[in-house]
Amino acid sequence: MNTAFVTAGGLNAHGQTARRACVLHMVSHQDQSTGECSSALSRRSILRVVGLGAATALVAAGAEEARADGLGGSFSQALFPKGQLSEIKRDQVVMDKDVLNDPAVKAGLAELREYRSKLSDIKTEFGSDPQMDIDAKLKGTFSVSKLRDDLNKINSAFDEETQIRTDRIVRGIIQDLGEIAAVAKTKPDVARTPKKIEKTKVWLDKLSGDFDKLLSFY
């Protein structure tokens, strides 16, 4: 028997016929031997293929049903919710003015603006001296725990629906700092390569952009 019909993408016509024959044979005879059918197509292979086919059929059926109801986009977003989180714009932001006027929130906002100003200084310094110890500079400027606390405070001024989308920017700022440290890192007494310098500048720009995006909502 040709054993090549089981593939990552499924079965061809010959394979489907052979699979059915093997399944019927094993079910009716409770075949425990190492004969041709069992060796060609194990029970595990059968379950894997059948499971894949069932999942595919379920998704296809759901998509067809959604299209019939005019909800194709909603069905796709329900399966892949990341697609719903499009970039938020200023006119889509809903702000709670009472929370925004809270002294702790106002203090956090002022500190974030100060962070942004210091970041501009760091970018200028790195432009003049791309071999500087930028990791030490960032650690001396940004306390990640304090920064995260300030970000959470000012983010609380948004309504829940807005926060779902601004959370991405908040997380992005923290992640940007880690990425800068990673791409700028060099071995002791080894100069930073042009490639590393360029990547560091890209992530510094990304961090600046995320700060600007979040601050523009206030």
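This is a short walk through helix H6 and what packs around it, in a predicted model.

Okay, so let's start with H6 itself, which runs over residues 103–128. Is the length sensible? What I mean is: how far apart should the ends of these 26 residues be, at 1.5 Å a residue? The expected span is 38 Å, and the end C-alpha atoms are 38 Å apart, so the two agree. At the N-terminal end there's a cap: Asp102 puts a side-chain oxygen 2.8 Å from the backbone nitrogen of Ala104.

Next, the buried side of the story. In H6, the buried residues are Val105, Gly108, Leu109, Leu112, Tyr115, Arg116, Leu119, Ile122 and Phe126. Yes, there's an arginine in that list, Arg116. What covers them includes helices H5, H7, H8 and H10.

Let's take H7, residues 134–141. Its axis comes within 11 Å of the H6 axis, and the two cross at roughly 165°. An angle over 145 degrees counts as roughly antiparallel, so that's what we call H6 and H7. The crossing is right-handed. On the H6 side you've got Tyr115, Lys118, Ile122, Glu125 and Phe126, meeting Ile134, Lys137, Leu138 and Thr141 from H7.

Now over to H8, and one residue there, Leu151. Leu151 has 0% relative accessibility, so it counts as buried. Which residues does Leu151 touch, leaving aside neighbours within four places in sequence? Leu112, Val170, Ile173, Ile174 and Leu214. Leu112 we've already met, among the buried residues of H6. As for Val170, it sits 19 residues from Leu151 in sequence, with the C-alpha atoms 6.3 Å apart.

Terms used: Residues are numbered from 1 along each chain as its sequence is written. This is a predicted model: local features need pLDDT of at least 70, side-chain atom pairs count only at pLDDT 80 or more; totals for chains, interfaces and linings use all residues. Side-chain values use heavy atoms; hydrogens and water are left out. Helices (H or I, at least four residues) and strands (E, at least two) are DSSP runs, numbered from the N terminus. The expected span of a helix is 1.5 Å times one less than its number of residues. Buried means under 20% relative accessible area, exposed over 50%, partly exposed in between (1.4 Å probe, protein chains only). Contact means heavy atoms within 4.5 Å. A polar contact is a pair of N or O atoms within 3.5 Å; within protein, one must be able to donate a hydrogen and the other to accept it, and residues adjacent in sequence count only if both atoms are side-chain atoms. Axes are lines fitted to C-alpha atoms, for helices over the stretch in contact, and angles run from 0 to 180 degrees between N-to-C directions. Angles under 35 degrees count as roughly parallel, over 145 as roughly antiparallel, 65 to 115 as roughly perpendicular and the rest as oblique. A crossing is left-handed if the near helix is turned anticlockwise from the far one by less than a right angle, and right-handed if clockwise.
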